[in-house]
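Subject: Structure for you to look at

Hello,

I am passing on a structure that you have not worked with before. Please open it first; notes on what was found follow below.

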Amino acid sequence: MLNRRTLIASALLAPLGSFATPALTAAANREVSRGVPVPIRLPRPTGAFPVGTTELHLVDRRRDDPFVPGRPRELMVSVWYPAARPAAPAPYLPPLTAQVFGEGAAIALQQPVGTIDWAGAKSHGGLLAPVLPGKRPVVLFSPGFGVPRGLASISVAELASRGYVVVTVDHTYEVAGVEFPGDRIEVQTLPPAPYALLARTARFDDLRFVLDALGRLARGENPDAEHRRLPAGLGAVLDLDRIGAYGHSAGGLSSIDLLVADPRILAAIDLDGELGYGYDDPADCPTVAQGTTRPFLLMGSGAIGPGPHDHRTDPSWGLFWDRSSGWKRDLNLPNGRHYSFVDYQALIPWFQRFFPVPPELIANTVGTADAGNVLRALRTYVPAFFDQHLRHRPHNWSRALPETKFIA
């Protein structure tokens with residue numbers, strides 16, 4: 001089992017990457033040379049709407065926590081939405097989380113603690129910004145195993161800026177640290193291996209519970225455990241007849257699990273997640289065995305397991321592909337790696353402007369892919385998929401962008 005510090009170091013390198021101007025980089029370098037931490041800049045979303053965000057503390061009192069028996073299951077989620085006007089930006093990471101992840105990042109980057117200004121990082125979501133009225137499609141996001149929900153802030157903010165409500169979920173006790181109200185942080189607590197199926201089942205139940213909580217919110221209730229103030233009209237914009245799901249790694253397979261088993265999910269994207277996770281034979285996985293008639297998109301990296309990750313090389317993807325009869329696409333990032341689909345792809349080049357990033361870390365996270373082209377691809381294909389299947393706005397899937405290969 002991975003220890004806590006190792007997990008943080010390998011799964012946290014949280015997002016900060018922006019494609020900064022030379023002037024900004026030079027100014028920041030001068031600050032770093034005076035002992036000021038490296039600032040964090042995220043690429044701005046490109047959609048038409050300002051973005052707002054808030055968080056919910058959800059408690060499922062009907063479910064015993066699978067990782068810490070005797071306690072009800074608790075989750076922290078963030079809700080990102082189109083805003084009527086900008087507001088002061090929310091922190092990128094909550095303060096205790098920033099501290100924990102800063103320690104892990106220092107290990108992974110081989111830099112002293114405090115080199116990066118994690119605590120001062122801001123997102124592109126305005127905290128409690130006023131909600132822009134109008135019914136909006138809803139998309140759930142589930143992160144990779146052990147990874148915090150904030151690690152996909154670039155793609156999440158992008159979707160919200162294009163008119164979606166995006167709900168991101170931390171899977172408590174699987175993640176290195178989840179911060180709750182009252183300055184409480186719950187750290188990773190895993191049972192002795194194997195725990196893959198336990199985590200997979202917990203994730204599935206987590207996401208269904210979040211869907212239930214969104215139903216309460218849409219009915220005018222406040223599902224937050226402390227009943228903290230929410231932006232006025234937040235529940236009214238949720239169109240729960242148009243829900244999609246996507247996720248990275250374990251979050252990708254969780255999204256496909258949900259697509260197959262929960263009729264509320266109309267379409268889903270799996271970003272580099274092996275669908276056979278937890279099973280010796282992928283054919284024994286119910287999701288793989290059943291397939292689906294609903295739309296899905298697979299996006300794989302250039303190297304996972306035996307080679308490029310697609311439905312021809314991953315038996316679990318191949319079986320699911322063959323047993324599914326609806327709309328489907330398989331795209332690949334040949335030069336990318338497993339973390340090219342989240343904010344690492346922007347983060348790593350940003351850090352390289354200030355200090356040498358260990359070559360093995362680059363090779364294992366983002367590979368040799370051009371960060372700008374990967375960002376363009378993700379900003380194109382993820383919204384295009386949900387536009388097509390939740391908004392009935394067809395996309396031309398015949399032309400691959402740079403850094404992208406169409407498998408089928």
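To begin with one pairing, G244 stands opposite A267, a residue of strand β10. This is a predicted model, and the residue numbers run from 1 along the chain as its sequence is written.

That pair belongs to the contact between β9 (residues 238–248) and β10, two parallel strands joined by six bridges. Strand β10 covers residues 265–271, and six of its seven residues are buried. With helix α6 (residues 250–261), β9 and β10 form a β-α-β unit that is right-handed. Strand β10 also pairs with β11 (residues 296–301), again in the parallel sense, over four bridges. There, L271 has M299 of β11 as its bridge partner.

The wider sheet is open and has 11 strands, with mixed pairing, in the order β3-β4-β1-β2-β6-β5-β9-β10-β11-β12-β13. The edges are β3 (89–91) and β13 (405–406); each has a single partner strand, so one side of each is left without a neighbour in the sheet.

An antiparallel pairing is found between β2 (residues 72–82) and β6 (residues 165–170), which are joined by five bridges. In it, V79 stands opposite V167 of β6. Helix α4 (residues 153–161) packs on the sheet and touches β1, β2, β5 (136–142), β6 and β9, its direction making about 50° with that of β2. Helix α8 (residues 315–322) packs on the sheet as well, touching β10, β11 and β12 (328–333), and its direction makes about 160° with that of β11.

Next, the helix pair. The axes of α5 (residues 196–218) and α6 come within 10 Å and cross at roughly 60°. The two helices are therefore oblique to each other, and the crossing is right-handed. On the α5 side the contact is made by R200, R203, F204, L207, R208 and L211, and on the α6 side by A250, G251, L253, S254, D257, L258 and A261.

One residue of β1 (residues 51–64) is worth listing separately: R63. Is R63 buried or exposed? R63 counts as buried, because its relative accessibility is 13% and the cut-off for buried is under 20%. Leaving aside neighbours within four places in sequence, R63 is in contact with R71, P72, R73, A202, D205, D206 and F209. By contrast, H124 is 61 residues from R63 in sequence and 34 Å from R63 in space, C-alpha to C-alpha.

Regards

Conventions
This is a predicted model: local features need pLDDT of at least 70, side-chain atom pairs count only at pLDDT 80 or more; totals for chains, interfaces and linings use all residues. Side-chain values use heavy atoms; hydrogens and water are left out. Buried means under 20% relative accessible area, exposed over 50%, partly exposed in between (1.4 Å probe, protein chains only). Two strands pair if DSSP finds at least two bridges between them. A crossover is right-handed if, with the strands pointing away from the viewer, the path from the first strand over the helix to the second runs clockwise. Axes are lines fitted to C-alpha atoms, for helices over the stretch in contact, and angles run from 0 to 180 degrees between N-to-C directions. Angles under 35 degrees count as roughly parallel, over 145 as roughly antiparallel, 65 to 115 as roughly perpendicular and the rest as oblique. A crossing is left-handed if the near helix is turned anticlockwise from the far one by less than a right angle, and right-handed if clockwise. Contact means heavy atoms within 4.5 Å.
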